[in-house]
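Open the model in your viewer and keep the sequence panel visible. The tour goes from one residue pair outward to the whole assembly.

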Number of protein chains: 2
Amino acid sequence: MFGLIGRMRAQQGKRDELIELLLASTDAMPGCLSYVVAQAEDDADAIWITEVWDSEADHKASLSLPQVQEAIAKARPLIAGFDSHVRTVPVGGAGLPR
Amino acid sequence: MFGLIGRMRAQQGKRDELIELLLASTDAMPGCLSYVVAQAEDDADAIWITEVWDSEADHKASLSLPQVQEAIAKARPLIAGFDSHVRTVPVGGAGLPR
């Protein structure tokens with residue numbers, strides 16, 4: 001499996017709008033096992049995204065999906081920056097397909 | 001929903017053993033929507049854990065479950081420390097119950 005854990009910051013006051021865009025594009029992404037969008041508790045503009053994919057290739061392929069391309073185009077002006085973005089190797093746990 | 005994203009470090013060479021303990025205790029935790037254990041890619045001893053719960057109360061209650069108590073007791077000597085541990089407010093995404 002392939003994972004990503006990232007924290008991004010929305011332009012001030014734009015977090016809800018950005019989250020809505022992120023959630024709208026996560027349906028029907030082949031190989032996506034988990035994609036959790038969360039508000040940071042300590043920063044009104046920050047968003048945590050944790051992703052689990054069958055493989056890194058599935059993640060890369062998702063970036064070419066029409067609904068993802070569309071979401072990226074709409075989201076870009078709402079993003080102020082990325083605080084962190086790390087790659088992981090998920091090994092299991094509750095909520096993943098067995 | 002209530003979330004946690006944490007990075008812990010195992011004692012040198014003990015990551016696999018620690019991960020096994022973490023995974024063994026995640027079954028049957030009421031209110032646990034997702035609990036993903038992942039190896040850090042940049043540190044052979046580091047582990048990322050991302051959790052999504054129905055509520056913070058469910059998370060707290062889980063710490064009293066017999067299998068979790070047992071896992072904590074076994075895991076403690078294998079843990080070198082915590083690099084980060086943040087609380088989040090998950091709002092949705094793929095892989096969560098609707």
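Select Val37(A) and Gly92(B): Gly92(B), in E4(B), is the bridge partner of Val37(A). Widen the selection to E2(A) and to strand E4 of chain B, residues 79-94, which pair in the antiparallel sense over six bridges. Two strands pair if DSSP finds at least two bridges between them. The element names follow DSSP runs numbered from the N terminus, with helices (H or I) of at least four residues and strands (E) of at least two.

Before going further, note that this is a predicted model, in which local features need pLDDT of at least 70, side-chain atom pairs count only at pLDDT 80 or more, and totals for chains, interfaces and linings use all residues. Residues are numbered from 1 along each chain as its sequence is written, and chains are lettered from A and ligands numbered from 1 in the order in which they are written. Colour chain A by pLDDT, the predictor's confidence in each residue from 0 to 100: the average is 94, and 99% of the residues score at least 70. The model has an ipTM of 0.91 and a pTM of 0.93.

Next, select the side of chain A that touches chain B. Here 30 residues of chain A are in contact with 30 residues of chain B; contact requires C-beta atoms, placed from the backbone, within 7 Å. Elements giving two or more residues to this side are strand E1 (2-10), helix H1 (15-24), strand E2 (32-40), strand E3 (46-53) and strand E4 (79-94) of chain A. E2(A) supplies the largest share, nine residues.

Now show both chains whole. A turn of 180° and a shift of 0.0 Å along the axis lay chain A on chain B with an RMSD of 0.0 Å, superposed by least squares on the C-alpha atoms of residues with pLDDT of at least 70 in both. The two copies are therefore related as by a two-fold rotation axis. To find that axis, select Gly95(A), which of the residues of chain A comes closest to it, at 3.4 Å (C-alpha). Because 100% of the interface residues of chain A are also interface residues in chain B, the copies meet through the same surface.

Finally, hide chain A and select helices H1 (residues 15-24) and H3 (residues 66-75) of chain B, whose axes come within 9 Å and cross at roughly 170°. The axes are lines fitted to C-alpha atoms over the stretch in contact, with angles from 0 to 180 degrees between N-to-C directions. H1(B) is therefore roughly antiparallel to H3(B), a term for angles over 145 degrees. Show side chains for the contact: Leu18(B), Leu21(B), Leu22(B) and Ala24(B) of H1(B), with Ala71(B), Lys74(B) and Ala75(B) of H3(B).

How values were computed. Angles under 35 degrees count as roughly parallel, over 145 as roughly antiparallel, 65 to 115 as roughly perpendicular and the rest as oblique. Two residues are in contact if their C-beta atoms, placed from the backbone, lie within 7 Å.
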